[in-house]
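Reader: Hi! Could you give me a close look at a single part of this structure and then follow its surroundings outward? I work in computational chemistry, so please spell out the cut-offs as you go.

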Amino acid sequence: MKAHALHATVTALLAGDKGLLAMDESTPTCNKRFAALGIAQTEESRRSWRELLITTPDLSNSISGAILYDETIHQSRQDGTPFVKLMADAGIVVGIKVDTGAKALAGHPGESVTEGLDGLRDRLTGYAALGARFAKWRAVIAIDAALPSTACIAANAHALARYAALCQEAGLVPIVEPEVLMTGDHTLQRCAEVTEQVLHEVFEQLHVQRVLLEALLLKPNMVLPGLTCAHQESVDEVADATVTTLLRAVPAAVPGIAFLSGGQSPELASARLNAMNRRFKGRAPWALTFSFARAIQQPALDIWRGEPGNVQQAQRALQQRAACNRAARQGKYADLADAAD
């Protein structure tokens, strides 16, 4: 029965060419983004922002699931209706971030390992009781000419696999997120090499921990040159490098790959996803979808700025960005007005 429920959740998350809205920013990260726009860094401001996101009209036309933060899953609309109920009523599957953040990896300067396994079994049971049907854990992989180390890759892959096994035990679909960072001047080729190495180790550890591949989603980085690399490849070159790398490392049993945006502009993230679906239609064994945060949220946040009078305009921007990414999953983003060059 548990396997059947896991498969049903995966099917719901991948249905209708939709994708995921990541709105699981930690309190410090959310406050930092608010501060940059002059928004009060309070619990009420965070609640109001997340209410704006969840109550966007017709959001479920493009978004199948949303990843919440611990604070958010306990919050309610101003009239007292729990966010979880609002999402369920709208047909949006509830997800929850369960890691406790990346911490310095002892003996390996400049590298980190994500923590949060202690007490995770009980926390997952609690989140499931609140209505969560899937979860997320993010590993952070720094990259340069020497990094990442074998130890960093192994530690993070092991933690991801143990988290995934605990999720499936609790009846929650795990989203496995190994993120090779965009920060740096590394080339696209270097990113491809490291991403493939990381994914091979992650799937080896998932196998060791007996994780059911058919009942998880992978949330990787796209294969990209570093932000400060002198040469920035075209949208099609990024699409080819990304899918080629995934074909070498991700088993066909995985039902879906939901990319993170990782600091890309909203337009570029959509254009690159669009190119993958256009160029590899019918050839990729998994669904290629999105699990974006800033690449969906930022235009709306820039409009809202904490002002109640801006809510409807901000929601229209969010709705448009979500629709762009659904079109990108269909390989039709170029048909929309704001398609990237």
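Author: Happy to. Let's begin inside helix α7, where C152, I153, N156, A157, A159, L160, A161, Y163, A164, L166, C167 and Q168 are buried. Here "buried" stands for under 20% relative accessible area, "exposed" for over 50%, and "partly exposed" for what lies in between, computed with a 1.4 Å probe on protein chains only. Helices (H or I, at least four residues) and strands (E, at least two) are DSSP runs, numbered from the N terminus.

A word on the ground rules: this is a predicted model, in which local features need pLDDT of at least 70 and side-chain atom pairs count only at pLDDT 80 or more, while totals for chains, interfaces and linings use all residues. Residues are numbered from 1 along each chain as its sequence is written, and side-chain values use heavy atoms, with hydrogens and water left out.

What lies over those buried residues of α7? The cover includes α1 (2-14), β5 (112-114), α6 (120-130), β6, β7 and α8, with contact meaning heavy atoms within 4.5 Å. As for its length, the 20 residues of α7 should span 28 Å at 1.5 Å a residue, and the end C-alpha atoms are 29 Å apart, which agrees. That expected span is 1.5 Å times one less than the number of residues. Just after the helix, G171 takes a positive phi of about 85 degrees. On the other side, P148 sits in the loop between β6 and α7, and the peptide bond from L147 to P148 is cis, with omega near 5 degrees.

Now for the sheet beside the helix. Eight strands close into a barrel, in the order β1-β2-β3-β6-β7-β8-β9-β10, with parallel pairing. Two strands count as paired if DSSP finds at least two bridges between them. Helix α7 (residues 150-169) packs on this sheet and touches β6 and β7, its direction making about 180 degrees with that of β6. Angles of this kind run from 0 to 180 degrees between N-to-C directions, with axes as lines fitted to C-alpha atoms, for helices over the stretch in contact. The two strands β6 and β7 (residues 173-180) run parallel and are joined by eight bridges; I141 stands opposite V180 in β7. Helix α8 (residues 188-208) lies across β6, β7 and β8 (217-218), at about 150 degrees to β7.

One residue of β6 (residues 134-141) deserves a stop: R138. R138 is partly exposed, with a relative accessible area of 30%. Not counting residues up to four places away in sequence, R138 touches D99, T114, E177, E179 and L181. Although R138 and E177 are 39 residues apart in sequence, their C-alpha atoms are 4.6 Å apart. The side chain of R138 also makes a polar contact of 2.6 Å with the side chain of E179. A polar contact is a pair of N or O atoms within 3.5 Å; within protein, one must be able to donate a hydrogen and the other to accept it, and residues adjacent in sequence count only if both atoms are side-chain atoms.

Further round the barrel, β8 and β9 pair in the parallel sense over two bridges, and L217 stands opposite G256 in β9. Strand β9 (residues 256-259) is covered on both faces: G256 and A258 on one side, and I257 and F259 on the other, are all buried. In strand β10 (residues 287-292) we meet S291, which is buried with a relative accessible area of 1%. The side chain of S291 is joined to that of K219 by a polar contact of 3.0 Å.

Finally, back to the interior. The largest nonpolar core has 97 residues, and those with the most contacts inside it are V98, Y163, L206, V250 and F259. Its largest share, ten residues, comes from α7. Such a core is a set of buried Ala, Val, Leu, Ile, Met, Phe, Trp, Tyr and Cys residues joined through side-chain atoms within 4.5 Å. There is also a second, separate core of 14 residues, which includes L14, V93, F134 and I175.
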